[in-house]
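Please read the following account with the sequence and the model side by side. It moves from the strands to the charged surface.

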Amino acid sequence: MKIGILGDIHGNLEALTAVVEVLQRENVDVWVQVGDIVGYGPEPSACIDLVRELGCVTCLGNHDAAVLGLLDTSYFNNFARAAIHWTAPQLRPSDYEFLNSLRHVEEREEFTVVHGSMHMPEQFGYVVSVVEALESFAHQRTRLCFVGHSHVPATYMRREESPRDIHVVPHSEAETSYRGFERVLMNVGSVGQPRDEDPRAAYGLVDTDIELASIRRVSYDIERVQAKIRAAGLPDVLANRLALGV
């Protein structure tokens, strides 16, 4: 089975379209999206439409929760908060219906999807080190788990005989065999707003038949989405950061 994993999209339709086109050529069997479809970017509804069209197994992200009024935005930075306030009135009733249907955790037979950590998922904790990976692994019941939130790619793997010894693959582009590991936690980075100093859209591809997990990148038309951000009246920093991957 081939699983295509879409990281945080954040209303960036250009990046999402580029990633989907590449993954469709891989003949993906199952699509996954790790939350934060909206926020920051200028085309939240179009991104929701494409996620729904693909039939993604999707969970609730913190920005998704914020536009629903389920999460206090006082801890968001000023730019993120401004984007939430811009996004909320842009959404259609069908968008709200879809976002309201999302849960913090989606579990299937072979994999789990959560935005942040499996440890108190409703609090949207980040997995950015072995410490958080261990906390998340303690609640992970499936072999594979796909997460987002940090916008920085990394894969954490654990063997059954040494559960405290975590193997980390921190690269922005990597192909990793997870054969012999009984737990794998994979953060594929962000489709629409990478923060690892690589502005290309990030995505994941897992082949369960050969036990191979890949984090990949694809270029997209950054200038076009920057123009849309500025035309929408969103904070200019949200356009500038896309070209820097920060």
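**Strands and a charged patch**

A hairpin joins β7 to β8 through two residues, where strands are DSSP runs of E with at least two residues, numbered from the N terminus. The model is a predicted one, in which local features need pLDDT of at least 70, side-chain atom pairs count only at pLDDT 80 or more, and totals for chains, interfaces and linings use all residues. Residues are numbered from 1 along each chain as its sequence is written, and side-chain values use heavy atoms, with hydrogens and water left out.

The hairpin strands, β7 (residues 154–159) and β8 (residues 162–169), pair in the antiparallel sense over five bridges, pairing being assigned if DSSP finds at least two bridges between two strands. Within this pair, R158 stands opposite I166 in β8.

Six strands form an open sheet with mixed pairing, in the order β3-β2-β1-β11-β12-β9. Its edge strands, each pairing on one side only, are β3 (57–58) and β9 (174–177). At the β3 edge, β2 and β3 pair in the parallel sense over two bridges, and V57 in β3 is the bridge partner of V32.

Turning to the surface, D29 lies in the loop between α1 (13–24) and β2 (30–33). With a relative accessible area of 53%, D29 is exposed, a term that means over 50% with a 1.4 Å probe and protein chains only. D29, E109, E110 and D209 form a negative surface patch; patches are made of residues with over 30% relative accessible area and no salt bridge, like charges being joined within 9 Å. A salt bridge here is a side-chain nitrogen of Lys or Arg within 4 Å of a carboxyl oxygen of Asp or Glu.

Key:
Patches are made of residues with over 30% relative accessible area and no salt bridge: like charges are joined within 9 Å, nonpolar side chains (Val, Leu, Ile, Met, Phe, Trp, Tyr) within 5 Å. Accessible areas come from the Shrake-Rupley method with a 1.4 Å probe; for residues, only the protein chains shown count as cover. Lys and Arg count as positive and Asp and Glu as negative; His and the chain ends are not counted. The place of a charge is taken as NZ of Lys, CZ of Arg, CG of Asp or CD of Glu. Helices (H or I, at least four residues) and strands (E, at least two) are DSSP runs, numbered from the N terminus. Buried means under 20% relative accessible area, exposed over 50%, partly exposed in between (1.4 Å probe, protein chains only).
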